[in-house]
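I opened a fresh page for this one and worked through it piece by piece. Here are my notes, in the order I looked things up.

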Amino acid sequence: MTCPELVTEDHLTMFLRCELFNVELEALRLANYWNRRIELFGDNLSFKPLHNNDDDDTNNTMDKADITKIETTLKGLSYGLLRPTTTHDSAGRALLFIDPSRLANYNKHNEDERFGVARALWYVLHSMLEGNETAQKVGIVVVGYPHHAKLSYLDRKLMKMNVESLSGCIPVRLGGFHICHPPWFFGKVAFPLMKLVMRERMRKRVRVHVGSEEKVLKELEEVGMGREVLPSEIGGDVVLDNDGWMQDMVNLYTVALFTWRTDLNVNLS
């Protein structure tokens, strides 16, 4: 086995919980997970832990391609496209807030950047799942807020990569996918593309909320998400500290994982 220290009982249990202990589905997701992990992270970094590991000697084995992956992953995280709210719905599911408008400076014509944002999704979800039995058992809820996004931000390839990671690779149970205040092009362009790559189980969990702020908040409250657990961007009480969150992610999932190097060149502003 290439990395026996990663494929532990806890690692395998995440997949079993995700598939409600259906062994055949667990095996399929596990295989998809490692195939996609290698595709995104490469032959070296894919076999390094996605968690804090102070004893890792990665610094001595990285080549130029690995350094580029680290730099673009940091940049992908810095956009703040995906941010855990650290709150939960009434069923105990963790909330993940997605705001596509934060991709204003993202270059969708640069494949390295695309893969960096795709890897960022993996880091964020692993930060919510690893060591968190509750999140593994009851899942998470995605709250999307594309209201201020522009059609030019839409990257079909990135969307496909992220949806596939969510629906068939990463061991996450998706309890709901709520899209709030979508822009005019969502129903004509973005949503049809999403449905093309979404599995049926995920499609059934998508709900679109339109109308006034109060109307949307009322609809979210009816499915277990009151104002007190929702981000301020959509009228909730939770103020997301993107800078602080980004620093936490760097500390937990990048500096420790890759053993910080002076030759990394990333602008996090």
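**Entry 1: cysteines.** I started with the sulfurs and found zero disulfides in the structure. This is a predicted model, so I kept that in mind throughout. I then asked whether cysteine 18 is buried or exposed. Cysteine 18 has 4% relative accessibility, and because the cut-off for buried is under 20%, I logged it as buried. Cysteine 180 came out at 0% relative accessible area, so it goes down as buried too.

**Entry 2: the sheet.** Next I traced the strands. They form an open sheet of five, in the order S1-S2-S3-S4-S5, and the pairing is mixed. Which strands stand at the edges? I noted S1 (82-88) and S5 (206-209): each has a single partner strand, so one side of each lacks a neighbour in the sheet. From one strand to the next, the twist averages 20°.

**Entry 3: S3 beside S4.** I zoomed in on one pair. Strand S3 (residues 140-144) and strand S4 (residues 174-180) run parallel and are joined by five bridges. I looked up valine 142 and found its bridge partner in S4 to be phenylalanine 177.

**Entry 4: helix H1.** I moved on to H1, residues 9-18. Its buried residues are His11, Thr13, Met14, Phe15, Arg17 and Cys18, the last being the cysteine I had already logged at 4%. What do the buried residues of H1 pack against? I found helix H2 (23-45), helix H4 (111-129) and helix H5 (133-138). After H1 comes leucine 20, and I wrote down its positive phi, near 55°.

**Entry 5: helix H3.** I checked the length of H3 (residues 64-78) against expectation. At 1.5 Å a residue, its 15 residues should span 21 Å, and the end C-alpha atoms are 21 Å apart, so the two agree.

How many residues of H3 are buried? I got eleven of 15, so I put H3 down as mostly covered. Among them are Asp66, Lys69 and Glu71, alongside Ile67, Ile70, Leu74 and Leu77. A reminder to myself: an α-helix has 3.6 residues a turn, so residues three or four places apart point the same way.

I finished with the two ends of H3. At the N-terminal end, aspartate 63 acts as a cap, with a side-chain oxygen 3.1 Å from the backbone nitrogen of alanine 65. Just after H3, I noted glycine 80 with a positive phi of about 75°.

Note on methods:
Residues are numbered from 1 along each chain as its sequence is written. This is a predicted model: local features need pLDDT of at least 70, side-chain atom pairs count only at pLDDT 80 or more; totals for chains, interfaces and linings use all residues. Side-chain values use heavy atoms; hydrogens and water are left out. A disulfide is a pair of cysteine sulfur atoms within 2.5 Å. Buried means under 20% relative accessible area, exposed over 50%, partly exposed in between (1.4 Å probe, protein chains only). Two strands pair if DSSP finds at least two bridges between them. Helices (H or I, at least four residues) and strands (E, at least two) are DSSP runs, numbered from the N terminus. Axes are lines fitted to C-alpha atoms, for helices over the stretch in contact, and angles run from 0 to 180 degrees between N-to-C directions. The expected span of a helix is 1.5 Å times one less than its number of residues. A polar contact is a pair of N or O atoms within 3.5 Å; within protein, one must be able to donate a hydrogen and the other to accept it, and residues adjacent in sequence count only if both atoms are side-chain atoms. Contact means heavy atoms within 4.5 Å.
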